[in-house]
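Dear colleague,

Please find below the structure that I am handing over to you. My notes on what was found in it follow directly after.

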Amino acid sequence: PQEAQFVSQPGDWVGQGQDQSFPIAYPFGDPNRQNPSRWEIATTSASNDFEVDLAGAHQAPLALGTYSGADRCAGGSVDVPCLDVFGESRGCNTESGTFTVYDISYDTLDMLKSFAAEFIDHCEGGVPALYGAIRWNSTVAMPARFTSAAGATATVGTPFSFTVITSGLPVPSLKRSRRHPDGLHFVDNGDGTATLFGTPSASGT
C-alpha cells in the first residue's frame with residue numbers, strides 16, 4: 001500500500017482537529033524513489049494536500065528506530081532530529097515531536113524500496129497533537145494509539161455520546177473489553193473510531 005493517515009486532536013492547527021486518510025503517499029517530487037526524508041501526501045493524483053519532512057540529527061540518513069526531541073526542519077537545530085508537517089496553507093513557526101521508522105529498505109540500485117513511519121507533531125509549542133502514519137510499498141503494521149480522551153462521564157437518564165479515536169496503519173478495529181452500563185451501546189465505525197452512545201439507565205463503569 002501507498003497510504004497515509006492523519007489523526008488531529010482538537011486545537012491542532014495543521015490538522016484542524018480532523019481525521020483524514022490519504023490513498024497517495026510518495027517521496028517528494030521524486031517518482032524515482034530517491035528521497036525517504038520528504039513525503040507528499042494527497043487524496044487524489046491531482047492534488048498535493050500535505051508535505052511531511054523527516055530527518056535525523058545532522059541530516060543523517062534515516063534508519064529503523066525512534067527519533068525523539070525533534071525540532072522544526074526549517075530553521076531548527078541541526079543537533080536533533082527534525083519534523084515538519086504542513087499543507088493546505090497551514091504550517092508552524094515552531095514544531096516539536098517524535099517519529100519512529102518501522103520499515104526502510106532499498107533495492108540494488110539504492111532506490112527506496114519500502115518505507116513505514118509514524119509521527120507525533122506539536123505545533124507552536126501547543127499540547128494538541130497531530131498523529132500521522134505513512135506506508136509506502138510496505139505491509140509493516142504500526143501500533144494503534146488512542147488519541148481521544150481517556151474517558152468520559154455519563155449521567156443516568158441523560159442522553160450521552162462519546163467518540164473513541166485511534167491512529168495507526170492498518171486502520172485499527174475496535175471492540176469493548178468490558179461490560180458498559182445498561183442503556184449504552186458501542187459501535188465500531190470501521191474507520192479507526194467507535195461510538196459509545198445511548199441513555200444510561202443505571203450507574204456503572
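Which side chains meet in a salt bridge at 3.1 Å, N to O? In this predicted model, the side chains of Arg38 and Glu51 do so. Arg38 belongs to strand E4 (residues 38-42) and Glu51 to strand E5 (residues 50-55), so that the pair links distant parts of the chain, 13 residues apart.

Arg38 also meets the side chain of Asp53 in a salt bridge, here at 3.2 Å, N to O. Asp53 lies in strand E5 and Arg38 in strand E4, 15 residues apart. Arg38, Glu51 and Asp53 are thus linked in a network of salt bridges. As to their surroundings, Arg38 counts as partly exposed, at 32% relative accessibility. Glu51 is buried, because its relative accessible area of 9% is under the 20% limit. Asp53 is likewise buried, with a relative accessible area of 6%.

A search of the whole structure finds five salt bridges. Another of them joins Glu118 and Arg145, whose closest N and O atoms are 2.7 Å apart. Since Glu118 lies in strand E9 (residues 112-123) and Arg145 in strand E11, the pair ties together parts that are 27 residues apart in sequence. Glu118 is buried, with a relative accessible area of 7%, whereas Arg145 counts as partly exposed at 31%.

Strand E11 leads on to a sheet. Four strands form an open sheet in the order E11-E12-E14-E13, with antiparallel pairing. E11 (145-146) and E13 stand at the edges and have a single partner strand each, so one side of each is left without a neighbour in the sheet.

Within this sheet, strand E13 (residues 184-188) pairs with strand E14 (residues 193-198) in the antiparallel sense over five bridges. Val187 has Thr195 of E14 as its bridge partner, and Phe186 has Leu196. The two strands form a hairpin with four residues between them, and Gly190 in the turn has a positive phi of about 80 degrees.

The last item is the largest pocket, with a volume of about 740 Å³. It is lined by 29 residues, of which Ala150, Gly151, Phe162, Val164 and Leu196 are the closest to its centre. Strand E12 (160-167) and E13 each supply at least two residues of the lining, and E12 gives the most, with three. By class, the lining has 16 nonpolar, nine polar and four charged residues. Leu196 thus appears both among the residues closest to the pocket centre and as the bridge partner of Phe186.

With kind regards

Definitions and conventions
Residues numbered from 1 in each chain as written. Predicted model: local features only at pLDDT ≥ 70, side-chain atom pairs only at ≥ 80, totals over all residues. Heavy atoms only, no water. Pairing = 2+ DSSP bridges. 1 Å grid on protein atoms, 1.4 Å probe; cavity = no way out; pocket = protein on both sides within 12 Å on 5 of 7 lines; lining within 4 Å. Points joined across faces, edges and corners; volume = space filled by probe spheres on them. Nonpolar A, V, L, I, M, F, W, Y, C, P; charged D, E, K, R; others polar. Salt bridge = Lys/Arg side-chain N within 4 Å of Asp/Glu carboxyl O. Buried < 20%, exposed > 50% of the residue type's maximum accessible area, 1.4 Å probe, protein only.
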